[in-house]
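Student: Could we go through a protein model together? I would like to learn how the labels people use follow from the numbers.

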Amino acid sequence: MNPETCPLRPEPTLTFTQGLIVGQLSVVIILAAFIKFFIFGDPPSPDTTASLRASERRSRTLAHKQSLLSLRSPNQRRGQSLGRKKSTVLRNSPTLTIGSILSKTYYNVDSHQPESLDWFNVLIAQTIAQFRSDAQHDDAILTSLTKALNGTSRPDFVDEIRVTELSLGEDFPIFSNCRIIPVDEDGISLGSGAKFDPVTAARDGTRLQARMDVDLSDLLTLAVETKLLLNYPKRLSAVLPVALAVSVVRFSGTLSISFIPSNPSQSTPTMMTFNFLDDYRLDFSVRSLLGSRSRLQDVPKIAQLVEARLHRWFDERAVEPRFQEIALPSLWPRKKNTRGPDDTMTEGSGSIGRSKGKETEREVRDETIKREASSEPEWASLRQRRPARDSEEPMMPGSLPGMDVDLRF
């Protein structure tokens, strides 16, 4: 074979050593870029993150409303009557509609001014203050948090979670700008252009909803410690200590509360529903610490992941279109719910002391005995008084003492 006709093979431009070095350098550059931009990259500003989350929540709410409106028919009504036999003893009261309730309470949903709720803020502040005081003397909240964090859903690569810091804050939420608005059966407001008609409200399924603004600027902190476990290729191959502290810095939003009447035919109680509108603002402060010797402090990516997880948890539970539903007990007065001075005397606690309670109970018992003695009939006292008789003559049945009856003819 003629060597001049054979094609020449191209000579490699890089040797094996040079290729290995280039490959290692490329891996190091990619790893360094990942660590710099993904882990230690500067997080976006809180205002930008809040606006992006608000736009996502708003688009989700609008999509839900559009789906509800598309499923409705133009002539859909909720005029349902209960097929139960009415009582003939209980007096039939006139049917209370939304229009009659508003007229009897002198409330006009179109022109009534929002309320400040200053009195409600004081009551809520007293309740929260008592809750914080009880938490200082009782480990119930700490035990509940530890049990909830170490539940059955804890993954295998996470060690036992231990609570290291718990702060319930010092300030109180401020409720303001309360107003009553009509909403349809799905909780969607009628809109500014729609006119509220009290006559057709019950037939259309319209109900009343209270909306109020909530603003809280405080520092609610929960700090935990745990360990990340690497169980491959064998159990506990590596252990990474992790310390995490999450603080709620500020919350502002609009709370909506409404009542769903009971349905006797289905044995359903009266329900109270509440949720927050999608325009709320929730700011967190996340501190992190990784490692035992060489520690990484306040990794921005961990803070972003924790904030995203907390926002998703809150959105899935209490942000429209989702809501919380609480069954209300019967408001009719019952004996088992009564509290008063009798309970303090029986239990020996309350504002009346133990000795004072016993003295009062003794006076009531003596007064009762005197009253019973004074109201005793006369024939009972005559039966007890038997005068001494000189003779032991038998008495005729039905005869009275001290009277001689001659039955001889």
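Tutor: Happily; what follows is a short talk about the labels for this predicted model.

Student: What does the secondary structure of the protein come to?

Tutor: There are 10 helices and 8 strands. Of the 409 residues, 22% are buried.

Student: Then let's try one pair. What makes Arg53 and Glu307 a salt bridge?

Tutor: Side chains of opposite charge can pair when their charged atoms come close. The cut-off for a salt bridge is a nitrogen of Lys or Arg within 4 Å of a carboxyl oxygen of Asp or Glu. For Arg53 and Glu307 the N to O distance is 3.9 Å, so the pair meets the definition. This pair also links distant parts of the chain: Arg53 belongs to helix α2 and Glu307 to helix α7, 254 residues apart.

Student: Why does Arg53 count as buried?

Tutor: Buried means under 20% relative accessible area. Arg53 has 19%, so Arg53 counts as buried. Glu307 is buried too, because its relative accessible area is 19%.

Student: How do you know that Asp218 forms a salt bridge with Arg132?

Tutor: Their closest N and O atoms are 3.6 Å apart, and the limit is 4 Å, so the label applies. Asp218 lies in strand β3 and Arg132 in helix α4, so this salt bridge ties together parts that are 86 residues apart in sequence.

Student: Are Asp218 and Arg132 buried or exposed?

Tutor: Asp218 has a relative accessible area of 11%, so Asp218 is buried. Arg132, at 14%, is buried as well.

Student: Why is Arg317 called partly exposed?

Tutor: Partly exposed covers the range between buried, under 20%, and exposed, over 50%. Arg317 is at 35%, so the label is partly exposed. Glu316, at 44%, also counts as partly exposed. These two form a salt bridge, with their closest N and O atoms 4.0 Å apart. A search of the whole structure finds 8 salt bridges.

Student: What makes Ile21, Leu25 and Ile29 a patch?

Tutor: Residues of a patch need over 30% relative accessible area and no salt bridge, and nonpolar side chains are joined within 5 Å. Ile21, for one, has 47% relative accessibility, so Ile21 counts as partly exposed and passes the 30% mark. Ile21 is found in helix α1. Together, Ile21, Leu25 and Ile29 have about 310 Å² of accessible area.

Student: And how much accessible surface does the protein have?

Tutor: About 31700 Å², with 57% belonging to carbon and sulfur atoms.

Notes. Residues numbered from 1 in each chain as written. Predicted model: local features only at pLDDT ≥ 70, side-chain atom pairs only at ≥ 80, totals over all residues. Heavy atoms only, no water. Helix = DSSP H or I, 4+ residues; strand = E, 2+ residues; numbered from the N terminus. Buried < 20%, exposed > 50% of the residue type's maximum accessible area, 1.4 Å probe, protein only. Areas by Shrake-Rupley, 256 points an atom, 1.4 Å probe, with all protein chains shown as cover. Patch = residues over 30% accessible without salt bridge, like charges linked within 9 Å, V, L, I, M, F, W, Y side chains within 5 Å. Salt bridge = Lys/Arg side-chain N within 4 Å of Asp/Glu carboxyl O.
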